[in-house]
Amino acid sequence: MTRRDVPPHGLPPPGSSAPGNDELDQDAELSDEERALSEELDALAAALPRDTALPAFDDEALHRRAMARMLAHENLTELEPEPPADELERQAAAALASRLHEDEWVAALRHAHAPTALRELGHAALLRGTLAAWRPARTRLWAGAVSGLAAAAALLLWVTFDGPPAQPTAADTGSWSVSRSTEPLVTGPLAVVGTSQRLDRIADARQHDYRDNRFRRWSGR
Amino acid sequence: MRPLCWLLGLGVLVAACKPAPACDEPQGPAGVIDEPLMAYLSMARSQHHRADLAEARGDVSAARALLEQLVATAAPAGFAEVAEVRADTLARMAQLDLRSGDLDAASRSAARGLVEVPQEGYYRGHLLEIDGLVEEARSKRLEADGRLAEAEAARQRAIVQLEAAVRIQQAVIERAIQGTTP
């Protein structure tokens, strides 16, 4: 019911015609307090938007009392408890709940307010769908081709790689520092006395040789 | 994509089955100075200096035990350096035995060292020198005990060993002066 259907406060209930003498008589019977309340309700009805639904009462006296109580009590909890919902109200509530449950905007708002964990299968399905849409068949073809080439190159390297390039052999030790007697280090004009001192000199000298060999090997000479 | 995954997996399997390349260090058979040789030289140097520290505090037996430990350690084969270090170590052990009066142990150490360096050179000459000193000490001990014949035999062995040492070391010195290496 819209405001157009609802008569201003003080007018007769729906179905009745324009105010007659009876109603004028009723207004005349109103107390000052009730008249003031009636005027206040008329002003309120005039201020409401045109399409605002207002309750309609068949009983004018009931209507007045209800409005008086609503305006008199700011705290509605003090009103009498509502009676149990009837069958029509329950059906309307169920229909509304069903629509709210199915509506995607309501679902989006609910998930935004209190998100829940994704189910694993649902998550996998979402990922599959997203990836399938993101990688078209052509991309997969290129990826396969590049991977195949990489595998072929790795296999080729594996077949042709025979270890370090500068590994010395028995026939090719001319450029390498090789094992030899340590006598030149411990005899002659620079001879040292004492076994430990001889070992110091031997170890130092061979350390130079060893380092040189490593550099030769690393440089591939 | 599944066949490609199988292909890549097969490649990894094949690569894993390929024998790893040999150690990338220059290896011994060719006589190239390599890591095992350097490790042995480092160990020998450390052990000799530990023996020095033991000797410095007068603990000759501890010094000798450290040297015996070095000689008993497995050494990389095929290197002249290893044989010479072992010979020099045995010569030092013989000297320690001589200082402690264990002439038989000194002779055994010198004999073991001479096996390590059969070629004539400084180390063999040094071992002959030590062995000569041991025989000289033995001769004196036997003579003091009144065993004159045995003392004379030991004296003769000492002369032979010391003369051989002198001959070998003279050759070493001449080679050094001439700039030739053995």
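Two residues are in contact when heavy atoms of theirs lie within 4.5 Å of each other, and the views below, which come from a predicted model, use the word in that sense.

**View 1. Chain B as an all-helix pattern.** The secondary structure of chain B comes to 7 helices and 0 strands, which, read along the sequence, gives the pattern α-α-α-α-α-α-α. Of the 182 residues in chain B, 41% are buried, and the chain exposes about 9,600 Å², 60% of which is supplied by carbon and sulfur atoms. Among the contacts in chain B between residues at least 6 apart in sequence, 62% join residues at least 24 apart.

**View 2. Helix 5 of chain B and the helices it packs against.** Helix 5 covers residues 103-116 of chain B, and because each residue should add 1.5 Å, its 14 residues are expected to span 20 Å, in agreement with the 20 Å between its end C-alpha atoms. Buried residues in this helix are B:L103, B:A105, B:A106, B:S107, B:S109, B:A110, B:G113 and B:L114. The buried residues of helix 5 pack against helix 3 (60-72), helix 4 (80-100) and helix 6 (122-144) of chain B.

**View 3. An aromatic pair in chain B.** A search of the whole structure, over all chains, finds 1 aromatic pair. This pair is formed by B:Y122 and B:Y123 in an edge-to-face arrangement, with 5.1 Å centre to centre and 75° between the planes. B:Y122 counts as buried because its relative accessibility of 11% falls under the 20% limit, and B:Y123, with a relative accessible area of 2%, is buried as well.

**View 4. The largest nonpolar core, with residues from chains A and B.** The largest nonpolar core has 33 residues, and those with the most contacts inside it are B:L37, B:L41, B:V85, B:Y123, B:L127 and B:L128. Two or more residues each are given to this core by helix 9 (195-219) of chain A, together with helix 2 (35-56), helix 4, helix 5, helix 6 and helix 7 (148-178) of chain B. Helix 6 of chain B gives the most, with 6 residues. In soluble globular proteins, nonpolar side chains tend to be buried together.

**View 5. The surroundings of B:V85, and a second core.** Leaving aside its neighbours within four places in sequence, B:V85 is in contact with A:L199 of chain A and with B:Y40, B:L41 and B:A44 of chain B. A second, separate core has 9 residues, among them B:A54, B:V60, B:L90 and B:L96.

Note on methods
Residues numbered from 1 in each chain as written. Chains lettered and ligands numbered in written order. Predicted model: local features only at pLDDT ≥ 70, side-chain atom pairs only at ≥ 80, totals over all residues. Heavy atoms only, no water. Helix = DSSP H or I, 4+ residues; strand = E, 2+ residues; numbered from the N terminus. Buried < 20%, exposed > 50% of the residue type's maximum accessible area, 1.4 Å probe, protein only. Areas by Shrake-Rupley, 256 points an atom, 1.4 Å probe, with all protein chains shown as cover. Expected span 1.5 Å × (residues − 1). Phe/Tyr/Trp six-rings, centres within 6.5 Å; stacked < 30°, edge-to-face > 60°. Core = buried A, V, L, I, M, F, W, Y, C linked by side-chain atoms within 4.5 Å.
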